[in-house]
Amino acid sequence: MRIILASQSPRRKELLRLIVPKFEIIVSNQKEVLNDTLSVEEQVTEIAYAKAKNVFDRTEGDRIVIGSDTIVTKNGKIYGKPKNRKHAKEMIKELITGDKVHEMITGLSILLEEKGQLKEYKTYDVVKVYLKDISDEEIEKWLDTGNAMDKAAAYGIQNEFCVHVEKIEGNYTSALGLPTHKVYDILKNNLFTKNG
């Protein structure tokens, strides 16, 4: 059975390798469009589904396609990728204002076709992230790494920014962008049991 990851994220690639040693990467060219009429959880699940469906529709035969997307939110506001350095700094300042708690919501969609039978899975996972106080100097130092610009809310929990995270509540791999516990359960029920 072909397993395809519909993402070019190096973090998602590393995480999926922990579950299955062999898979392909086909990057989804689906545009990420937010729909304000849906809840954040529904939005991120739909984006993950759209990414997986985009790749699924471009492939054929027995296959499993995995799509994922992460949205960072605080007090109802969604934090996407920063437009520039100034924007990145503003985002981090907002995240450490008030209670310093925000949520990372990762949507997961897995589409599976075997012998013409199609199964679709849509789910999501929520992680609460508690940040520490971060000085302007520390923010500038983080921005100097160059790692802020391609990440939602201008930070990644797995790199130098980790020193500013007090704690998380939830699954660490979901905070990295792929809820491995959920991926494993779906694959276990559809793949591992057959193949031993």
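The lining of the largest pocket in this predicted model is made up of 15 nonpolar, ten polar and eight charged residues. The space in this pocket comes to about 790 Å³. Its lining counts 33 residues, and those closest to the pocket centre are Arg12, Glu32, Lys51, Asp69 and Lys81. Several elements give two or more residues to the lining, and they are listed below with their residue ranges.

| Element giving two or more lining residues | Residue range |
|---|---|
| α1 | residues 10-17 |
| α2 | residues 40-57 |
| β3 | residues 63-74 |
| β4 | residues 77-79 |
| α5 | residues 172-176 |

Strand β3 gives the most to the lining of the largest pocket, with four residues.

Helix α2, one of the elements in the table, also holds Gln43. Is Gln43 buried or exposed? The relative accessibility of Gln43 is 5%, which is under the 20% limit, so Gln43 counts as buried. Leaving aside residues up to four places away in sequence, Gln43 touches Leu34, Asn35, Asp36, Leu38, Ile71 and Ile78.

The largest nonpolar core has 42 residues. Which of them touch the most other members? They are Leu16, Ile64, Ile66, Ile92, Tyr155, Phe161 and Val183. Apart from this core lies another, of nine residues, including Ile4, Ile26, Val55 and Leu111.

Tyr155 has contacts with Leu95, His102, Met104, Val129, Trp142, Ala148 and Phe161, again not counting residues up to four places away in sequence. Two of the residues that Tyr155 touches, Trp142 and Phe161, form one aromatic cluster together with Tyr155.

The count of aromatic pairs is two. In the pair of Trp142 and Phe161, the ring centres are 5.4 Å apart and the planes stand at 65 degrees. Why is this pair edge-to-face? Planes over 60 degrees apart count as edge-to-face, and the angle here is 65 degrees, so the pair falls in that class. Trp142 is part of helix α4, residues 136-144, whereas Phe161 sits in the loop between α4 and β7, the latter spanning residues 165-169. The pair therefore ties together parts that are 19 residues apart in sequence. Both Trp142 and Phe161 are buried. Phe161 is thus described in two ways: as one of the residues that touch the most other members of the largest nonpolar core, and as a member of the aromatic cluster with Trp142 and Tyr155.

Notes. Residues numbered from 1 in each chain as written. Predicted model: local features only at pLDDT ≥ 70, side-chain atom pairs only at ≥ 80, totals over all residues. Heavy atoms only, no water. 1 Å grid on protein atoms, 1.4 Å probe; cavity = no way out; pocket = protein on both sides within 12 Å on 5 of 7 lines; lining within 4 Å. Points joined across faces, edges and corners; volume = space filled by probe spheres on them. Nonpolar A, V, L, I, M, F, W, Y, C, P; charged D, E, K, R; others polar. Buried < 20%, exposed > 50% of the residue type's maximum accessible area, 1.4 Å probe, protein only. Contact = heavy atoms within 4.5 Å. Core = buried A, V, L, I, M, F, W, Y, C linked by side-chain atoms within 4.5 Å. Phe/Tyr/Trp six-rings, centres within 6.5 Å; stacked < 30°, edge-to-face > 60°.
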